[in-house]
Amino acid sequence: MEYIPIIVLVIFIILILIILASCIRIVPQAHAMVIERLGGYQGTWGVGIHFKMPFIDRVAKRVLLKEQVVDFAPQPVITKDNVTMRIDTVVFFQITDPKLFAYGVENPIMAIENLTATTLRNIIGDLELDQTLTSRETINTKMRASLDVATDPWGIKVNRVELKNIIPPTAIQDAMEKQMKAERERREAILRAEGEKTSTILVAEGKKESAILDAEAEKQAAILRAEAKKEATIREAEGQADAILKIQQANADGLRFLKEAAPDGAVLQLKSLEAFAKAADGKATKIIIPSEIQSVAGLVKSITEVAADQK
């Protein structure tokens, strides 16, 4: 019986220690705790060690302050031209006010999902199919702005919204594939035609350059032939000039020799007769012989006849 008070005392001390330990809370980095006292909001604990009143204070909600990513299932939407497609979205958000996050909405993630679906339907409803497929950046920007405004009272900031996948109907997919195939074939035909055009142009330019080179070569050859002919003509003219000069020089020398020999009148008349004899070898039909030469000619004829009779 003496040990019963001691056991009770030990149990009481252990209970007090457990209660005191339960009143100590350590908040890690990028976390927060919403504290209530007697059912009402008391405060928000940040990073560090904190103490609460036993049986009066309680941790109402633990909040993660890191940026979070939520991938929502594909949502059916209808475009402006009545095409039904399925689009799944990815939302990047971050809790900025733990108090508003704890008391602003019952299920924040479900609320963001439903809000994303309705906002997406409103935006896609104003766009046609082609615009929807080519305007992802515009849709992302509009959705982020709308969601950020709507989630601000909940203490949530939407940093980015991305359309993960756009799934059009099967018939539309087949038509798009055929269109893409036709576009690829068209581009291939254009590239082939451009290649043939370039090849034809290069061949024509090659022929043109070849013709120009041939003409230039012919021109140079003609110039060389003309220069050679000119040189030959000049050499021939120089040769004729030299021949005439030598003939004239010989005639001058002969006249000088005759002058130095001092011939009498009979010799001069004989030389004149020889000159007329040479002139008679040309094409002239008539030759006028002076009387002096005629007498000399007669004398020569007489001397010739006498010589013949003596033989």
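Two residues are in contact when heavy atoms of one lie within 4.5 Å of heavy atoms of the other. The exercises below concern a predicted model.

**Exercise 1.** State which residues Leu120 touches, leaving out those up to four places away in sequence.

*Solution.* Step 1: apply the contact cut-off of 4.5 Å to heavy atoms. Step 2: leave out residues up to four places from Leu120 in sequence; the contacts are then Val77, Ile87, Thr89, Ile139, Met143 and Leu163.

**Exercise 2.** Place Leu120 in the largest nonpolar core and state which elements give two or more residues to this core.

*Solution.* Step 1: the largest nonpolar core has 30 residues, and Leu120 is one of the three that touch the most other members, together with Ile87 and Ile139. Step 2: two or more residues come from each of strand 8, helix 3, helix 5 and strand 9 (156–167). Step 3: helix 3 gives the most, with six residues. Step 4: another core, of five residues, lies apart from this one and includes Val27, Met33, Trp45 and Val59.

**Exercise 3.** Describe how helix 3 (residues 108–124) packs against helix 5 (residues 136–151).

*Solution.* Step 1: two packed helices are described by the angle between their axes and the distance between the axes. Step 2: the axes of helix 3 and helix 5 come within 10 Å and cross at roughly 135°. Step 3: angles of 65 to 115 degrees count as roughly perpendicular and those over 145 as roughly antiparallel; helix 3 and helix 5 are therefore oblique to each other. Step 4: the crossing of helix 3 with helix 5 is right-handed. Step 5: on the helix 3 side, the residues that meet helix 5 are Ile112, Leu115, Thr116, Thr119, Leu120, Ile123 and Ile124. On the helix 5 side they are Ile139, Lys142, Met143, Ser146, Leu147, Ala150 and Thr151. Step 6: sorted by type, the residues of this contact are nine nonpolar, four polar and one charged.

**Exercise 4.** Locate Ala30 and Asn82, and decide whether Asn82 is buried or exposed.

*Solution.* Step 1: Ala30 is not a glycine, yet its phi is positive, about 60°. Ala30 sits in the loop between strand 1 (24–27) and strand 2 (31–37). Step 2: Asn82 also has a positive phi, near 60°, and is a residue other than glycine. Asn82 belongs to the loop between strand 7 (75–78) and strand 8 (84–95). Step 3: a residue is exposed over 50% relative accessible area; Asn82 has 66% relative accessibility, so Asn82 counts as exposed.

How values were computed: Residues are numbered from 1 along each chain as its sequence is written. This is a predicted model: local features need pLDDT of at least 70, side-chain atom pairs count only at pLDDT 80 or more; totals for chains, interfaces and linings use all residues. Side-chain values use heavy atoms; hydrogens and water are left out. Axes are lines fitted to C-alpha atoms, for helices over the stretch in contact, and angles run from 0 to 180 degrees between N-to-C directions. Helices (H or I, at least four residues) and strands (E, at least two) are DSSP runs, numbered from the N terminus. Angles under 35 degrees count as roughly parallel, over 145 as roughly antiparallel, 65 to 115 as roughly perpendicular and the rest as oblique. A crossing is left-handed if the near helix is turned anticlockwise from the far one by less than a right angle, and right-handed if clockwise. Ala, Val, Leu, Ile, Met, Phe, Trp, Tyr, Cys and Pro count as nonpolar, Asp, Glu, Lys and Arg as charged, and the others, Gly among them, as polar. Buried means under 20% relative accessible area, exposed over 50%, partly exposed in between (1.4 Å probe, protein chains only). A nonpolar core is a set of buried Ala, Val, Leu, Ile, Met, Phe, Trp, Tyr and Cys residues joined through side-chain atoms within 4.5 Å.
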